[in-house]
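User: Hi! I'm new to reading protein structures, and I'd like to practise on one. Can we go through it together?

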Amino acid sequence: MSIDRIRDQFNQYRDLLPPRLDGRLYFDFMTTPLGDATPHVEVDEKMHFVISERGVEHERRTTDSEDDILYWLISNLAHEYAFVWEAYHRLPFIDSRRRAFRKHRSILRAIDSSWGKRAKLQHDWLLHPMKRNGLPMPL
């Protein structure tokens, strides 16, 4: 679990993402909170994906897997892109979430095919609440 190796891989994957349509830049790899809900990674015996804003921690995911950390970070960026893309390409009477989710999956699939499948499980969980049967959302 080398933080430098994770940072290098994150930067390589981030460079594969399409440029944002709104002109904003994607966030950098962070190991300390900025306080603005930008994800950061903490490493001790395990790796932690953390989102905090103004001193309040909103999300913490813990793993031993570098792939999980990279997926969570890149998925976050791809999700932002997909919803901005959808807003710029909105179609009337079409579920905007479904279009954004398809774009999200296509971006992730271009980086790693297993990531596209992983995102599909999450999207299906969100779109089909009757199929959840009390199961937590797949991460």
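Analyst: Sure, below we go through this predicted model question by question.

User: Let's start with the sheet. In what order do the three strands of the open sheet come?

Analyst: The sheet is open and its strands pair in an antiparallel way. S1 (40-43) and S3 (56-63) stand at the edges, each with a single partner strand, so one side of each has no neighbour in the sheet. Read across, the order is S1-S2-S3.

User: How many bridges join S1 to S2, and how many residues does the hairpin between them run through?

Analyst: S1 and S2 (residues 47-53) run antiparallel, and four bridges join them. Val 41 stands opposite Phe 49 in S2, while Glu 42 has His 48 as its bridge partner there. The bridges number four, and the hairpin from S1 to S2 goes through three residues.

User: Moving on to S2 and S3: which residue in the turn of their hairpin has a positive phi?

Analyst: S2 and S3 run antiparallel too, joined by seven bridges, and His 48 stands opposite Thr 62 in S3. Their hairpin has two residues between the strands. The turn residue with a positive phi, about 50°, is Arg 54.

User: Which helix lies across S1, S2 and S3, and at what angle does it run to S2?

Analyst: Within the sheet, neighbouring strands are turned by 30° against each other on average, ignoring direction. The helix lying across S1, S2 and S3 is H2, which covers residues 66-88. Its angle to S2 is about 30°.

User: Is Thr 32 buried, partly exposed or exposed?

Analyst: Thr 32 sits in the loop between helix H1 (3-16) and S1. Buried needs under 20% relative accessible area and exposed needs over 50%. Thr 32 has 47%, so the word for it is partly exposed.

User: Now the rings. Why does the pair of Tyr 71 and Trp 115 count as edge-to-face?

Analyst: A search of the whole structure turns up six aromatic pairs. In this one, the ring centres are 5.6 Å apart. Planes over 60 degrees apart count as edge-to-face, and the planes of Tyr 71 and Trp 115 meet at 75°, so the pair is edge-to-face.

User: Where in the chain do those two rings come from?

Analyst: They link distant parts of the chain, 44 residues apart. Tyr 71 counts as buried at 1% relative accessibility, and Trp 115 counts as buried at 0%. Tyr 71 is in helix H2, and Trp 115 is in helix H4 (residues 113-127).

User: Phe 83 and Phe 101 pair as well. Which of them is partly exposed?

Analyst: Their ring centres are 6.0 Å apart with planes at 80°, so this pair is edge-to-face. Phe 83 belongs to helix H2 and Phe 101 to helix H3, 18 residues apart. Phe 101 is buried, with a relative accessible area of 5%. At 27%, the partly exposed one is Phe 83.

User: One last puzzle: how far from Arg 105 is the nearest side chain of opposite charge?

Analyst: Arg 105 is part of helix H3 (residues 96-111). Leaving out residues up to four places away in sequence, Arg 105 touches Gly 116, Ala 119, Lys 120 and His 123. Although Arg 105 is buried, it has no salt bridge; the cut-off for a salt bridge is within 4 Å. The nearest side chain of opposite charge is Asp 124, at 5.5 Å.

Methods: Residues numbered from 1 in each chain as written. Predicted model: local features only at pLDDT ≥ 70, side-chain atom pairs only at ≥ 80, totals over all residues. Heavy atoms only, no water. Pairing = 2+ DSSP bridges. Axes fitted to C-alpha atoms, helices over the stretch in contact; angles between N-to-C directions. Contact = heavy atoms within 4.5 Å. Buried < 20%, exposed > 50% of the residue type's maximum accessible area, 1.4 Å probe, protein only. Lys, Arg positive; Asp, Glu negative; His and termini not counted. Phe/Tyr/Trp six-rings, centres within 6.5 Å; stacked < 30°, edge-to-face > 60°.
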